[in-house]
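Please have a look at the model below, and keep it open while you read. We will walk through it together, one part at a time.

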Amino acid sequence: MQPDLTIRPARAADVPLLEALERETYALEGYPSALFYQAIAQWPEFTIVATQPHRVLGYLLAAPGTDNELWIMSLLIDQQARGQGIGALLVKHLINHISQPANQFKHLKLSVSPTNQAAIALYQKMGFSNECQIDNFLGPGEHRLLMRY
Ligand SMILES: CC(C)(COP(=O)(O)OP(=O)(O)OC[C@H]1O[C@@H](n2cnc3c(N)ncnc32)[C@H](O)[C@@H]1OP(=O)(O)O)[C@@H](O)C(=O)NCCC(=O)NCCS
């Protein structure tokens with residue numbers, strides 16, 4: 001585990017680093033900075049970052065779906081920081097949040113590429129189960145496995 005690691009809600013000052021993480025991994029397909037500014041305003045408790053001083057190591061973004069579901073829209077860890085338990089820590093943070101009795105969300109949902117073995121293994125380890133695969137879920141040729149906690 002990284003020293004000085006903090007899990008906290010994202011701030012506007014983090015957005016350039018979050019956008020840079022997106023660009024590094026997804027190039028032009030990454031989420032734009034405007035989405036992060038909006039998410040921080042709209043879902044502050046579900047836009048969370050793992051940081052060290054002056055460095056963002058990764059983030060998780062979730063947003064309400066229908067009924068009592070919360071969708072994980074993104075989980076992304078800096079390439080240099082992968083394999084050190086940080087992705088698991090961010091998901092655990094969200095699980096702890098929905099496990100509180102007063103919380104309105106009772107389930108987590110997400111979609112993941114069926115070829116993304118690292119992410120699928122992480123979610124299964126955290127207690128998610130596979131629901132179904134939906135072809136073209138995120139557009140033509142973008143098949144996705146739906147998972148649920
Ligand atoms: C998927 C991702 C978020 C994992 O984050 P991470 O911080 O490296 O994962 P962790 O170190 O917390 O790993 C937790 C568990 O996930 C699984 N896992 C993580 N990386 C894995 C890999 N490359 N291969 C197989 N299993 C892996 C393991 O079960 C691991 O537990 P273990 O270390 O006890 O074996 C990270 O690789 C990433 O950012 N990938 C690019 C973006 C992405 O695919 N996001 C998910 C979109 S839905």
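What follows is a tour of the helices, the core, the surroundings of the ligand and a few single residues.

First, a word on the ground rules. Each chain is numbered from 1 as its sequence is written. The model is predicted, so local features need pLDDT of at least 70 and side-chain atom pairs count only at pLDDT 80 or more, while totals for chains, interfaces and linings use all residues. Helices (H or I, at least four residues) and strands (E, at least two) are DSSP runs, numbered from the N terminus. A residue is called buried if 20 or more other C-beta atoms lie within 10 Å of its own, exposed if 12 or fewer do, and partly exposed in between, with C-beta atoms placed from the backbone.

Let us start with helix 1, residues 15–26. The expected span of a helix is 1.5 Å times one less than its number of residues. For the 12 residues of helix 1 that gives 16 Å, and its end C-alpha atoms are indeed 16 Å apart. Which residues of helix 1 are buried? They are Val15, Leu18, Leu21 and Glu22. Looking down the axis of helix 1, you will find these buried residues within an arc of 120°, so they line one face of the helix. The arc is taken over the directions from the helix axis to the C-beta atoms. On the face turned away from the buried side of helix 1 sit the exposed residues Pro16 and Glu24. The cover over the buried residues of helix 1 includes helix 2, strand 3 and strand 4; contact here means C-beta atoms, placed from the backbone, within 7 Å.

Just after helix 1 comes Ala27, with a positive phi near 50°. Most residues other than glycine have a negative phi. Ala27 lies in the loop between helix 1 and helix 2 (33–42), and it is exposed because its C-beta has 8 others within 10 Å. Asp67 also has a positive phi near 50°. Its place is the loop between strand 3 (55–64) and strand 4 (69–77), and with 9 other C-beta atoms within 10 Å, Asp67 is exposed.

Now turn to helix 3. Its 14 residues reach 20 Å from the first C-alpha to the last, close to the 20 Å expected at 1.5 Å a residue. Buried in helix 3 are Ile86, Gly87, Leu90, Val91 and Leu94. Seen down the axis, these buried residues of helix 3 fall within an arc of 145°, so they line one face. The face turned away from them carries the exposed residues Asn96 and Ser99. Among the elements that cover the buried residues of helix 3 are strand 1 (6–9), strand 2, strand 5 and helix 4.

What lies in the largest nonpolar core? A nonpolar core is a set of buried Ala, Val, Leu, Ile, Met, Phe, Trp, Tyr and Cys residues joined through C-beta atoms within 7 Å. The largest one has 32 residues, and those with the most contacts inside it are Leu18, Ile48, Tyr59, Leu60, Ala62 and Leu90. Strand 3 gives the most to this core, with 6 residues. Leu60 touches Ile48, Ile72, Ser74, Leu75, Leu90, Val91 and Leu94, leaving aside residues up to four places away in sequence. In soluble globular proteins, nonpolar side chains tend to be buried together.

Strand 3 also holds Arg55, which is partly exposed because 13 other C-beta atoms lie within 10 Å. Arg55 and Leu17 are 38 residues apart in sequence and 8.0 Å apart in space, C-alpha to C-alpha. Pro64, likewise in strand 3, is partly exposed, with 14 C-beta neighbours inside 10 Å.

Finally, find the ligand. Of the 20 residues around it (C-beta, placed from the backbone, within 6 Å), Arg82, Gly87, Ala88, Ala118 and Leu122 come nearest. The elements giving two or more residues to this shell are strand 4, helix 3 (86–99), strand 5 (107–112) and helix 4 (117–125). Helix 4 supplies the largest share, 6 residues. By type, the shell divides into 11 nonpolar, 7 polar and 2 charged residues; Ala, Val, Leu, Ile, Met, Phe, Trp, Tyr, Cys and Pro count as nonpolar, Asp, Glu, Lys and Arg as charged, and the others, Gly among them, as polar. Helix 4 is also the place of Ile120, which touches Val112 and Leu145, not counting residues up to four places away in sequence.

Note on methods. Two residues are in contact if their C-beta atoms, placed from the backbone, lie within 7 Å.
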